[in-house]
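Hi,

Here is the structure I promised to pass on to you. Have a look at it first, and then read on for my notes on what turned up.

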Amino acid sequence: MSRVDRRVAVAGAHGGDAVAVSRSLGLDPARFLELSASMNPFAPDVASLLARLLSDRPELVTRYPDDRDARRLLAAALGIDPSLLVLTNGGAEAIALVASLEDVGDVVEPEFSLYRRHLPRLEAGAPRWRSNPSNPLGRLAPPGAPARVWDEAFYPLATGRWSRGDTGCWRLGSLTKLWGCPGLRLGYALAPDPDSAERLRRRQPQWSVNGLAIAALPHLLERTDLAEWASAIRILRAEFVAALRTLSFTVDDTDANWVLVHRPDLREDLAPQGVLVRDATSFGLPGVARVALPSVEHLAVVVDAFARVGP
């Protein structure tokens with residue numbers, strides 16, 4: 001394929017821009033494979049669940065939501081006291097809210113850019129913000145490694161456990177990553193103590209988490225099998241890495257639900273094939289793409305797209 005005449009929409013600050021990219025190419029967004037945002041390739045069927053909930057409980061969109069029962073259920077699943085848990089409108093709101101309290105921090109690159117975006121002040125040697133596994137490198141932090149804020153959005157999919165269990169710090173999670181429903185927006189913050197959690201709630205807009213997400217949470221917890229998902233992801237990732245290396249791509253394996261592919265312009269060349277990956281230049285990794293694991297049913301399609309563009 002020619003790399004000269006591109007009509008691919010300019011990459012945004014993050015992944016997840018499949019609609020803009022597909023429309024810039026005249027492709028159907030519904031048939032566009034979104035691998036620029038790393039979701040659980042074994043997530044439950046959230047859309048069907050939501051349709052049933054709305055059919056059975058129309059009041060979910062006509063009444064203000066109450067998250068107390070959902071918070072207790074999630075806290076029980078996490079094995080923590082509910083007083084430490086704050087449900088949020090996605091992991092992004094958790095990051096923004098905690099940054100409003102922890103107003104100075106250190107971010108060691110390469111690292112997820114939302115920490116820098118929301119921290120009022122960055123200072124070398126300040127309390128550290130870090131993702132585990134690291135985003136974009138995809139490697140789990142060494143045992144005992146310290147941080148003031150741990151972003152564990154991908155930790156359950158990498159380990160089969162909800163959290164590493166650090167105390168005396170913030171731990172953030174993204175249920176929309178875990179359940180593959182980024183449009184629904186559901187995350188959480190685990191505070192180091194009840195007072196910090198209450199301070200965070202006071203900064204959060206009222207009714208931040210919508211009623212449909214709150215109603216879906218108990219059903220999705222019932223469908224959650226972290227150990228099984230983590231095991232299946234390891235198998236799928238090994239198959240994906242092997243397939244790409246057979247095509248002579250240079251691939252970095254990870255502990256996470258994505259891999260890193262060293263190939264300039266990969267985003268621009270794959271997009272016309274109906275596959276979107278994340279250009280890692282914004283992470284400080286030019287010439288590298290972060291590629292989320294496709295579902296098992298889409299694996300052959302994605303590998304074929306890589307074969308067409310070549311290494």
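A residue counts as buried when its relative accessible area is under 20%. By that cut-off C181 is buried, because its relative accessible area is 9%. C169 is buried as well, with a relative accessible area of 3%. Please keep in mind that this is a predicted model. How many disulfides does the structure hold? The count is zero.

Next, the strands towards the end of the chain. Strand β10 covers residues 258-262, and four of its five residues are buried, so the rest of the structure largely encloses this strand. β10 has pairing partners that you can trace easily in the viewer:

- Strand β9 (residues 250-252) runs antiparallel to β10, and three bridges join the two. Between β9 and β10 there are five residues, and the two strands form a hairpin. To find the register, start from D252, whose bridge partner in β10 is L260.
- Strand β12 (residues 288-292) also pairs with β10 in the antiparallel sense, over five bridges. Here W258 has A292 in β12 as its bridge partner.

If you plan to look at side chains along these strands, remember that in a regular strand they alternate between the two faces of the sheet.

Now to the aromatic residues. A search of the whole structure gives six aromatic pairs. One of them is F240 with F306: the ring centres are 6.2 Å apart and the planes stand at 85°, so this pair is edge-to-face. F240 sits in helix α10 (residues 226-246) and F306 in helix α12 (residues 299-309), so to speak a link between distant parts of the chain, 66 residues apart. How accessible is F240, buried or exposed? F240 has 0% relative accessibility and counts as buried, and F306 is likewise buried at 0%.

F306 has a further ring partner in F249, with centres 5.1 Å apart and planes at 80°, so this pair is edge-to-face too. F249 lies in the loop between α10 and β9, 57 residues from F306 in helix α12, and the pair again links distant parts of the chain. F249 is buried, with a relative accessible area of 4%. Elsewhere, ring pairs link F112, Y115 and W129 into a cluster.

Finally, a pocket you may like to inspect. The second largest pocket has a volume of about 300 Å³. It is lined by 16 residues, and the closest to its centre are D67, Q204, P205, Q206 and W207. Which element gives the most to the lining of this pocket? That is β2, with three residues. Both α3 (68-78) and β2 (85-88) supply at least two residues of the lining. By residue class, the lining divides into eight nonpolar, five charged and three polar residues.

Happy browsing, and best wishes

Methods: Residues numbered from 1 in each chain as written. Predicted model: local features only at pLDDT ≥ 70, side-chain atom pairs only at ≥ 80, totals over all residues. Heavy atoms only, no water. 1 Å grid on protein atoms, 1.4 Å probe; cavity = no way out; pocket = protein on both sides within 12 Å on 5 of 7 lines; lining within 4 Å. Points joined across faces, edges and corners; volume = space filled by probe spheres on them. Nonpolar A, V, L, I, M, F, W, Y, C, P; charged D, E, K, R; others polar. Disulfide = S-S within 2.5 Å. Buried < 20%, exposed > 50% of the residue type's maximum accessible area, 1.4 Å probe, protein only. Pairing = 2+ DSSP bridges. Phe/Tyr/Trp six-rings, centres within 6.5 Å; stacked < 30°, edge-to-face > 60°.
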